[in-house]
Amino acid sequence: MRVLGIESSCDETAAAVVTQDGVIGSDVVRSQIALHAPYGGVVPELASRDHMRAIAAVVQEALARATVTLPELDGIAVTCRPGLMGALLVGVQFAKGLAFATGLPMVGVDHLVGHLLAAFLRAPGAPPAPTFPFVALLASGGHTSIYRVDGPLAPQIRELGGTRDDAAGEAFDKVSKLLGLGYPGGPVIDRRAAQGNPLAIDVPRPMKARASLEMSFSGIKTFIASHVAREGVPTEPAAIDDLCASFQAAVVDTLVRKTMVAARGERLERVVLAGGVAANRGLRAGFARACDKHGFELVIPPPSACTDNAAMIAYAGAQRLMNGERDDLTLGVSTMTSLPRATRRGGGPR
Ligand code: KG4
Ligand code: ZN
């Protein structure tokens with residue numbers, strides 16, 4: 001089965017062709033980062049307009065690179081939630097148009113399910129991906145939660161716990177802004193942290209001692225903000241590196257610790273990382289060490305599969321199509337995920 005995936009939930013217009021086994025035929029991502037960078041974050045209306053301009057060409061390029069024509073496809077998968085309303089609508093309306101014109105079956109995909117299945121994507125000839133069940137950490141710009149994943153369909157995925165305030169990627173982006181390092185913050189802090197001393201500043205680890213899987217990142221960000229308000233942004237590049245390294249260590253420490261608690265609690269020995277923050281080198285190294293110590297198998301997709309892309313959407317959609325599921329032209333969009341939340345925003349278990 002060959003499926004065309006379409007992704008437009010935030011600031012990437014993406015299209016890809018992927019088989020039901022996760023083999024990537026093409027994977028086209030057109031980023032809007034340069035468009036939003038002057039504003040220090042994603043401007044929703046600008047995002048929608050740019051998706052409109054880009055989507056037809058991006059889809060055509062994905063088909064061309066996979067050397068496949070529309071009639072040769074077996075289905076269309078499109079991100080329908082969660083995300084920016086106007087941005088999601090561009091992808092969903094485009095997918096509906098294609099499905100109507102070609103008669104191909106179409107399914108909507110929850111963006112978070114896509115991220116959680118990104119570990120199954122592979123190049124032609126590459127070995128097969130992890131097996132179910134596993135514990136997954138999904139850490140992106142909008143979401144940070146730990147899941148038990150028993151299969152590739154949404155009802156087989158259960159949130160075990162998550163952040164009660166900011167997402168981990170949001171903390172990276174906000175701290176980067178505080179330090180004048182630009183948007184998005186993750187990649188630049190990752191680079192600066194690699195040269196800094198993670199023990200230079202004693203950044204707190206909120207909720208560290210709790211056995212619960214709740215996390216908090218706004219406190220870490222506020223600590224850095226207070227530090228900068230008191231002492232100013234360091235003028236020495238090495239001092240900025242140290243600040244980045246200390247901040248990153250606190251975030252990584254929290255994510256690693258909570259994910260290990262979750263895996264032990266679920267009695268699962270396989271850990272999968274997902275979402276843009278999983279591209280972080282400190283995080284990858286921290287998880288490699290912890291999983292080694294606990295004897296867990298660790299699966300981390302390549303960085304390009306961790307950040308937003310349409311290949312993960314095509315793969316997740318293929319699993320729905322294989323299960324006989326279909327959406328029709330009434331498919332709607334939502335700013336919320338379809339996965340039930342275990343942790344409330346603002347705090348406390350549900
Ligand atoms: O998954 P993603 O591409 O989009 C969302 O669904 O949110 O994640 C984007 C987030 C941003 O907050 C970005 O700063 C962060 O992932 N990110 C990173 C790295 N690369 C991207 N965070 C830490 N280290 C990185 N190398
Ligand atoms: Zn994402």
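This note goes through the zinc site and the strand pairings of a model that is predicted.

1. The zinc ion (ligand 2) takes its protein donors from three residues, His111 through NE2, His115 through NE2 and Asp308 through OD, and these lie 2.0 to 2.1 Å from the ion. Along the sequence the donor residues follow the spacing H-x3-H-x192-D.

2. The geometry at the zinc ion (ligand 2) can be classed as tetrahedral, because the 4 donor atoms around the ion subtend angles of 94 to 133° and the class asks that all angles lie between 85 and 135 degrees. For comparison, the ideal angle for four tetrahedral donors is 109.5 degrees.

3. The two histidine donors share one element: His111 and His115 both lie in helix H4, which covers residues 111-116, and they are 4 residues apart, or about one turn of the helix. His111 has a relative accessible area of 6% and is therefore buried, since the cut-off for that term is under 20%. His115, at 2% relative accessibility, likewise counts as buried.

4. An open sheet is formed by 5 strands in the order E8-E7-E6-E9-E10, with mixed pairing. Its edges are strand E8 (157-162) and strand E10 (297-299), each of which pairs on one side only. On average, neighbouring strands of this sheet are turned by 25° against each other, when direction is ignored.

5. Helix H9, spanning residues 281-294, packs on this sheet and touches E6, strand E9 (270-274) and E10, while the direction of H9 makes about 175° with that of E9. Within the sheet, strand E6 (residues 134-139) pairs with strand E7 (residues 144-149) in the antiparallel sense over 6 bridges, and Ala136 has Tyr147 in E7 as its bridge partner.

6. Towards the start of the numbering, strand E1 (residues 2-7) runs antiparallel to E2 and is joined to E2 by 6 bridges, with Ile6 facing Ala15 of E2 as its bridge partner. A hairpin of 4 residues connects E1 to E2. Strand E2 (residues 12-19) is itself mostly covered, as 7 of its 8 residues are buried.

7. Strand E2 also pairs with strand E3 (residues 24-31), again in the antiparallel sense and through 7 bridges, and Glu12 stands opposite Ser31 in E3. The hairpin of E2 and E3 has 4 residues between the strands, and in this hairpin Gly22 takes a positive phi near 90°.

Definitions and conventions: Residues are numbered from 1 along each chain as its sequence is written. Chains are lettered from A and ligands numbered from 1 in the order in which they are written. This is a predicted model: local features need pLDDT of at least 70, side-chain atom pairs count only at pLDDT 80 or more; totals for chains, interfaces and linings use all residues. Side-chain values use heavy atoms; hydrogens and water are left out. Donors are N, O and S atoms within 2.8 Å of the metal (3.2 Å for Na, K and Ca); water is not among the atoms, so sites may look incomplete. Four donors count as tetrahedral if all angles lie between 85 and 135 degrees; four count as square planar and six as octahedral if opposite donors are over 155 degrees apart and all others between 65 and 115; anything else is irregular. Buried means under 20% relative accessible area, exposed over 50%, partly exposed in between (1.4 Å probe, protein chains only). Two strands pair if DSSP finds at least two bridges between them. Axes are lines fitted to C-alpha atoms, for helices over the stretch in contact, and angles run from 0 to 180 degrees between N-to-C directions. Contact means heavy atoms within 4.5 Å.
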